[in-house]
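Here is a short report on one protein chain. It goes from the overall fold to one helix, and then to a single residue.

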Amino acid sequence: MEPIYFWLAAFVVFGVVEAATVNLVSIWFAVGALVSLIAAALGAQLWLQVTLFILATAVSLALTRPLARKLLGKRRVA
């Protein structure tokens with residue numbers, strides 16, 4: 001299987017899971033898959049695609065997780 005098709009399938013799967021759950025469960029992985037898809041389309045080596053996937057996922061998680069927790073936090077009523 002060509003890496004570009006793998007990353008495209010991963011992006012679609014993570015996007016569908018995110019749309020189905022709407023709890024910000026897999027959006028970070030979708031971002032990583034999109035970055036790797038672009039890298040694969042540009043002809044990057046597989047090791048670079050995997051590295052970019054991990055880095056993009058980690059960076060997007062680190063940047064958005066605190067905001068998401070704040071916005072989606074459960075409010076308790078006394």
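Helices here are DSSP runs of H or I with at least four residues, and they are numbered from the N terminus. By that rule, the elements of the protein chain run α-α-α from the N terminus on. The count is three helices and zero strands. The model is predicted.

**Overall form**

The chain has 78 residues, and a compact globule of that length would have a radius of gyration near 12 Å. The protein chain has 15 Å instead. Its C-alpha atoms fill a box of roughly 55 × 25 × 15 Å along the principal axes. Buried residues make up 23% of the chain. The exposed area is about 5800 Å². Carbon and sulfur atoms supply 73% of that area. Contacts also reach along the sequence: among those between residues at least 6 apart, 55% join residues at least 24 apart.

| Property of the protein chain | Value |
|---|---|
| Radius of gyration | 15 Å |
| Box along the principal axes | roughly 55 × 25 × 15 Å |
| Exposed area | about 5800 Å² |

**Helix α1**

Helix α1 covers residues 3–21. It has 19 residues and reaches 27 Å from its first C-alpha to its last, close to the 27 Å expected at 1.5 Å a residue.

Which residues of α1 are buried? They are Trp7, Ala10 and Glu18. These three cover an arc of only 65° around the axis, which puts them on the same side of α1. An α-helix has 3.6 residues a turn, so residues three or four places apart point the same way. The face turned away from the buried side of α1 carries exposed residues: Tyr5, Val16, Ala19 and Ala20. Just after α1, valine 22 takes a positive phi of about 45°.

**Glutamate 18**

Glutamate 18 lies in α1. Is glutamate 18 buried or exposed? The relative accessible area of glutamate 18 is 10%, and the cut-off for buried is under 20%, so this residue counts as buried.

What does the side chain of glutamate 18 reach at 2.8 Å? It reaches the backbone nitrogen of serine 26. Serine 26 is also one of the residues that glutamate 18 touches, leaving aside those up to four places away in sequence. The others in that set are Asn23, Leu24, Val25 and Ile27.

In short, glutamate 18 is a buried residue of α1, and its side chain reaches the backbone of serine 26.

Methods. Residues numbered from 1 in each chain as written. Predicted model: local features only at pLDDT ≥ 70, side-chain atom pairs only at ≥ 80, totals over all residues. Heavy atoms only, no water. Helix = DSSP H or I, 4+ residues; strand = E, 2+ residues; numbered from the N terminus. Rg over C-alpha atoms; globule rule 2.2 N^0.38 Å. Buried < 20%, exposed > 50% of the residue type's maximum accessible area, 1.4 Å probe, protein only. Contact = heavy atoms within 4.5 Å. Areas by Shrake-Rupley, 256 points an atom, 1.4 Å probe, with all protein chains shown as cover. Polar contact = N/O pair within 3.5 Å; in protein donor to acceptor, adjacent residues only side chain to side chain. Expected span 1.5 Å × (residues − 1). Arc of directions from axis to C-beta.
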